[in-house]
Amino acid sequence: MASSARSHESAFSLRIQKTASLTIPLNPNCPACGLNVVAGCLESFYSYKLFGCSSCGLRFWDPRAMPDAKKTTRMFAARNARLLPLEPGHRFFLKDPNAPRTVSLLDVGCGTGNFLIAAWNAGYAVTGAELDPEAARFASHLCGEACVFPLSLENVVERYPGLRFDVVTFFEVLEHQADPSHFLSCVVSVLRPGGFIALSVPNRARWLTGVDPIDYPPNHFLRWDLSSLRGFLESRGFEILSLREQPAGIAYTAQMLNIALRSGISRAFVPDLPPSFRDEIQETATNMPSVPAASSLRLRIIRILARAKFAVCFPLALLAMPYVRWKGHKGAYLYCLARRKDP
Ligand SMILES: [Zn+2]
C-alpha cells in the first residue's frame, strides 16, 4: 500500500480544497455545448473543480485527463477476471421495442464481455472494443466468435477507417469522457447512415443519501441528467427514440439506507481500512494497490459486520418502498436509444 494513499484522511470526508493547485480558467467552456456560460464552482475535489453549464445543464469536472490503459487496468483489477451480471442499461436495450434486432453491433467499453454474450444470444453480430487489455483478453476468450478490439474507440476509428455498424452501444462510458463531443464524433464514424446508438449513464437526478465514491474524477468527469443528455444528442443529429430514468428499486433503496447509516465507527477502530475508491484512484498506476491490503483480524470482523449491516438494510428497504415510490425517487441509471438523422 502506498504511503501517500495511507496519508489520506477519512475516505468519506469530502475533501474541500480552498485553492486550486492547477491553473484552471475561471470559466471553462462546457465540453458538451461548447459555450462559456459556466457560473461558479460547485464543488472541489483534490485538484479538480465541478462546474455547471447554465445553457445545456451538464455538470463537468475540470481539468479532465482520462486515465491510460495501465491505470484503467489497476483501477478495475477486480473486475477483469470475471463475467459481471448484466447492468440495467443492457436489459433495457435488449427489451426496448424501438431497438433494431439481429443487426451488427459494436459495444464500446465491453469490459469482460457480459453484454456481448447477451447480445450474441439475442441474434446480434457482435464486436467489442475495450481499452483495458486484460478485460479485452478475457472477453475475447469468453465470447468465441465475437471480435474484441483491445483499443479505445478512437484507436479503432484510426486503424479500421472502413468499419461500420448498425448499432453502437456504450453503456456507462459517456460519463468517463474528457471530451464527449469528440467521443460522439468517433461513434458517428463507425455508424452506418441511419444507425442507432444505445447508452446508459449514471443519472445525476438519482436519489442519493451520501457521497457516491465512484462518481469522482479521474473516474467520472461528466454528470448527465435527462435534459442535458437529450440536448447533447439532438444537437449532434440524433433523434431520441427511448429515454428513461430507472426508478429506485429495493436493492438501490437498501444501498441508500446503508449509506445513510454510515457511522464512521469502522475507520475509527480499523486504521488499516483501505482508502475509498475515489481516494485510491488519485494515485499513479504504479502506486495503486493491485490487491486488497493484508487483512487484520479487526479488518475481517469489520467487513463481516458491514455485510451484516447491508443485509439488514434489505428488509428495511422493503418497508420503505411505498414511501420511495410515492416520492418518485430515481435509481442509478439513465438509458437512451437514439437514431442518427442522416441528410
Ligand atoms: Zn453546456
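This report describes a zinc site, a sheet, a set of salt bridges and a nonpolar surface patch in a predicted model.

**Zinc site**

Four cysteines hold the zinc ion through their SG atoms: Cys30, Cys33, Cys53 and Cys56, at 2.3 Å. The site is tetrahedral, with angles of 101 to 123° among the 4 donor atoms. For reference, the ideal angle for four tetrahedral donors is 109.5 degrees. Along the sequence, the donor residues follow the spacing C-x2-C-x19-C-x2-C. Cys33 and Cys56 are 23 residues apart and link distant parts of the chain. Cys33 sits in the loop between α1 (3-6) and β1 (38-45), while Cys56 sits in the loop between β2 (48-53) and β3 (59-62).

The accessibility of these two cysteines can be given as well. Cys33 has a relative accessibility of 30% and therefore counts as partly exposed. Cys56, at 19%, counts as buried, because the cut-off for buried is under 20% relative accessible area.

**Sheet**

An open sheet is formed by 4 strands in the order β1-β2-β3-β9, with antiparallel pairing. Strands β1 and β9 (222-223) stand at the edges; each has a single partner strand, so one side of each lacks a neighbour in the sheet. Within the sheet, β2 and β3 are joined by 4 bridges in the antiparallel sense. Lys49 has Asp62, in β3, as its bridge partner.

**Salt bridges**

The whole structure contains 7 salt bridges. In general, side chains of opposite charge can pair when their charged atoms come close. Among the salt bridges are the three in the table below.

| Pair | Closest N to O distance | Relative accessibility of each residue |
|---|---|---|
| Asp166 and Arg192 | 2.9 Å | Asp166 23%, Arg192 35% |
| Arg223 and Asp215 | 3.4 Å | Arg223 13%, Asp215 6% |
| Arg230 and Glu234 | 3.3 Å | Arg230 36%, Glu234 39% |

In the salt bridge of Asp166 with Arg192, Asp166 belongs to strand β7 (residues 165-171) and Arg192 to strand β8 (residues 191-202), so the pair ties together parts that are 26 residues apart in sequence. Asp166 counts as partly exposed, and Arg192 likewise counts as partly exposed.

Arg230 and Glu234 are 4 residues apart in helix α8 (residues 226-235), which means that about one helical turn separates them. Arg230 is partly exposed, as is Glu234.

For the remaining pair in the table, Arg223 counts as buried and Asp215 also counts as buried. Both residues take part in a network of salt bridges that links Arg206, Asp212, Asp215 and Arg223.

**Nonpolar surface patch**

Leu261, Val312, Leu316 and Leu319 make a nonpolar patch of about 400 Å² on the surface. Leu261 is located in the loop between α9 (250-260) and α10 (265-269). With a relative accessible area of 46%, Leu261 is partly exposed.

How values were computed:
Residues are numbered from 1 along each chain as its sequence is written. This is a predicted model: local features need pLDDT of at least 70, side-chain atom pairs count only at pLDDT 80 or more; totals for chains, interfaces and linings use all residues. Side-chain values use heavy atoms; hydrogens and water are left out. Donors are N, O and S atoms within 2.8 Å of the metal (3.2 Å for Na, K and Ca); water is not among the atoms, so sites may look incomplete. Four donors count as tetrahedral if all angles lie between 85 and 135 degrees; four count as square planar and six as octahedral if opposite donors are over 155 degrees apart and all others between 65 and 115; anything else is irregular. Helices (H or I, at least four residues) and strands (E, at least two) are DSSP runs, numbered from the N terminus. Buried means under 20% relative accessible area, exposed over 50%, partly exposed in between (1.4 Å probe, protein chains only). Two strands pair if DSSP finds at least two bridges between them. Patches are made of residues with over 30% relative accessible area and no salt bridge: like charges are joined within 9 Å, nonpolar side chains (Val, Leu, Ile, Met, Phe, Trp, Tyr) within 5 Å. Accessible areas come from the Shrake-Rupley method with a 1.4 Å probe; for residues, only the protein chains shown count as cover. A salt bridge is a side-chain nitrogen of Lys or Arg within 4 Å of a carboxyl oxygen of Asp or Glu.
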